[in-house]
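Welcome, and thank you for opening the viewer. Please load the structure, find the selection box, and follow along one stop at a time.

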Amino acid sequence: MGVAQAMEALTERAGLMKESLQKSQTITDNMVGILGSFDHRLSALETAMRPTQIRTHSIRRAHENIDKALKQAELILDQFDLSKKAEAKILRGPHEDLESYLEAIDQLRGTIKFFSNNKMFKSTATGVIGHAHNLLSKALSKLEDEFRQILQNYSKPMEPDRLFECLPSNLRPSTDSESGGGKTHDPHQKSLENAIFTVPTVIPPRVLPLLHDLAQQMVQAGHQQQLFKTYRDTRAAVLEQSLKKLGVERLSKDDVQRMQWEVLEAKIGNWIHYMRISVKLLFAAEKKICDQILDGVESLRDQCFGEVTANSVAILLSFGEAIAKSKRSPEKLFVLLDMYEIMRELKPEIELVFGSQPCTEMKDSALNLTKRLAQTAQETFADFEEAVEKDATKTAVMDGTVHPLTSYVINYVKFLFDYQSTLRLLFQEFDSKDPDSELGAVTTRIMHALQNNLDGKSKQYKDAALTQLFLMNNVHYIVRSVRRSEAKDLLGDDWVQIHRRIVQQHANQYKRVSWAKILQCLTVQSSGSGPVENSNISRASVKDRFKTFNSQFEELHQRQCQWTVPDSELRESLRLAVAEVLLPAFRSFLKRFGPMIESGKNPQKYIRFTPEDLERMLNEFFEGKTWSEPKR
């Protein structure tokens, strides 16, 4: 009973489930039908909407094209507007506002570029570009005129006083000197290595940027040659005028040869000053402004500077060349050394300022002049040596004093030692391994040549005593001068000692030649070896000896008082040396034989001098007196 009920209930439930499933399937089928209907309707709608979508897309693209066209038109209108403004500025010219004028030129270039790059405006562009090019050509022409005008207005020759203010104080000319201010060699002059040279302002700094901008515009327009010519002609003329105001003049070799030495020497001193001012101030200033105005255009910049300075450099160097090639003479050696010295001093600046390729010829000319001056100076050295040895002047020094040749040569040598550093550089020019040794050898040769010449001149004297006095005086003067100068360090102590002994030898020779004969009057010897007794010599013989002594001493006194020993110490020592021989001999003779004469008649006739008289008269020897007064 229970099982049947359960089965019945289960069957009932299964039937209900089947019924529900059948209803669900029906609903599903209905939904599928509905959705299928929607899909059909949507397809139809899409087909209906497609023409509208196409029209909308076309309208959007048209709007985009219109926007682009409007923007292009706006750009074109902007360019036209800018071009009109630029044209107005250019027609006004660059005088009122140069910066605005330069901006207008840039704008014209921009306009030309704009239309050249937009081929779609070909019909419009051709006319616009042509007009812009015409305007640009006019603008650049005005720009060249402006560059020329500004450069000329601010390019004025430098006054000498302004240049002198730029020099270190120790190189400025004194108020009473020539405008050029020649240079005198001073070996103790403070080194110029740390001296301050202030490069002068030749164009106001505020103007340089304008000139630079103008130059850049001309280069950009391809007008380099016009720029080059304008710059070169203007600055070269001003530089040459500055040198002319300073005193620089073009002189040929013939002009130099015709000049008197004093005039030429002054001109050489001035040239040295001019060279220093030109290289350290004028050329340096020219290089500075050229670098600033033509900055960024290296090839044109260097060429401009080279051509601006070329003629000025040539004028300066031509004078140096004329001196180096002129006839050599001893007095020119020191000015040659001065000229060589300034060229060596300026060498670093010359290599720096004229270091670019277009300036090579000028730099080489300056360096070649330095070598030529060194060569001429060395040849003049050799000429001087030869001239000293062969000097044949007949100038006789009748009193036996120092010969003019001796003082000239010694002063020459002493002056040479003021140039020691320059001479060392000069010897190095010719690959000398030991400049000090070379200078010593040159000095030794000059001294030797002088002594050889003096030996020859001494033979002019007929009096052998005066020959010895002459040689003593001259060698003593040489030795004393060497000892007091830097020549001593190069010649050495041995040289000095040897020549001091030579002085003494000449003094001894003088005493022997001059006083041996008179001393014989005071010496009485027998036929044996010893002196005779007073009783063995006759009164007549004694009187004769006194008379001979008197006449010989008076003659020596009269003659040798006219001779000269200029050095006071040497003069005193020579007098003392004579007195040490003569006075003891006279005292001895007077003591032995004086009583024999004094006991006879007129003793004063024979005994005319006392030892004190002789000593006093000896002190009058070698004073260089002239005997216009009556003899004593």
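**Stop 1: where to be cautious**

This is a predicted model, so begin by colouring it by pLDDT, the predictor's confidence in each residue. Select residues 176-184 to start with: pLDDT stays under 50 there, and the model has 18 contacts beyond four places in sequence for this stretch. Then go to residues 628-632, where the pLDDT is also below 50 and the model shows 5 contacts beyond near neighbours in sequence. Where pLDDT is low, the predicted coordinates should not be read in detail. For the protein chain as a whole, the mean pLDDT is 83, with 80% of the residues at 70 or more.

**Stop 2: the whole chain**

Now switch to a cartoon view and zoom out. Which kinds of element will you find, helices or strands? The protein chain has 20 helices and 0 strands. It holds 632 residues, and 43% of them are buried. If you look only at contacts with a separation of 6 or more, 83% of them join residues 24 or more positions apart.

**Stop 3: the largest cavity**

Next, look for enclosed space. Rolling a probe the size of a water molecule over the atoms shows where empty space is left. There are 3 cavities of 30 Å³ or more, and the largest has a volume of about 70 Å³. To see its walls, select Met275, Val279, Phe283, Val313, Leu316, Leu317, Ile350, Phe354, Met362 and Ala366. Helix H8 (261-293), helix H9 (298-325) and helix H11 (360-390) each give two or more residues to this lining. What is the character of the residues in the lining of the largest cavity: nonpolar, polar or charged? The lining has 10 nonpolar residues, with no polar and no charged ones.

**Stop 4: the second largest cavity**

For the second largest cavity, select Lys156, Met158, Val202, Arg235, Val238, Leu239, Ser242, Leu282 and Glu286. The volume here is about 50 Å³. Two elements, helix H6 (224-246) and H8, give two or more residues each to the lining. H6 provides the largest share, with 4 residues. Colour this lining by residue type and you should find 5 nonpolar, 1 polar and 3 charged residues.

**Stop 5: cysteines without a partner**

Show the side chains of Cys304, Cys359 and Cys290. How many disulfides are counted? The count is 0. A disulfide would need two cysteine sulfur atoms within 2.5 Å. For Cys304, the nearest cysteine sulfur belongs to Cys290 and is 5.5 Å away. Cys304 counts as buried because its relative accessibility is 0%. For Cys359, the nearest cysteine sulfur is again that of Cys290, here 8.9 Å away. Cys359 has a relative accessible area of 0%, so it is buried too.

**Stop 6: a glutamine in helix H14**

Move along to Gln451, which is found in helix H14 (residues 435-458). Is Gln451 buried or exposed? At 15% relative accessibility, Gln451 counts as buried, since the cut-off for buried is under 20%. Add Ile478, Trp495 and His499 to your selection: Gln451 touches these three, leaving aside residues up to four places away in sequence.

**Stop 7: the second largest pocket**

The next selection is an open space, the second largest pocket, with a volume of about 500 Å³. Its lining has 19 residues, and His476, Arg500, Val503, Leu570 and Ser573 lie nearest its centre. Show helix H15 (464-483), helix H17 (493-521) and helix H19 (568-598), the elements that give two or more residues to the lining. Which element gives the largest share of the lining of the second largest pocket? H17 does, with 7 residues. By type, the lining of this pocket divides into 7 nonpolar, 4 polar and 8 charged residues.

**Stop 8: an unusual backbone angle**

For the last stop, select Phe622, in the segment after helix H20 (611-618). Most residues other than glycine have a negative phi. Phe622 has a positive phi of about 65°, although it is not a glycine. At 1% relative accessibility, Phe622 counts as buried.

Methods. Residues numbered from 1 in each chain as written. Heavy atoms only, no water. pLDDT = per-residue confidence, 0-100. Contact = heavy atoms within 4.5 Å. 1 Å grid on protein atoms, 1.4 Å probe; cavity = no way out; pocket = protein on both sides within 12 Å on 5 of 7 lines; lining within 4 Å. Points joined across faces, edges and corners; volume = space filled by probe spheres on them. Nonpolar A, V, L, I, M, F, W, Y, C, P; charged D, E, K, R; others polar. Buried < 20%, exposed > 50% of the residue type's maximum accessible area, 1.4 Å probe, protein only.
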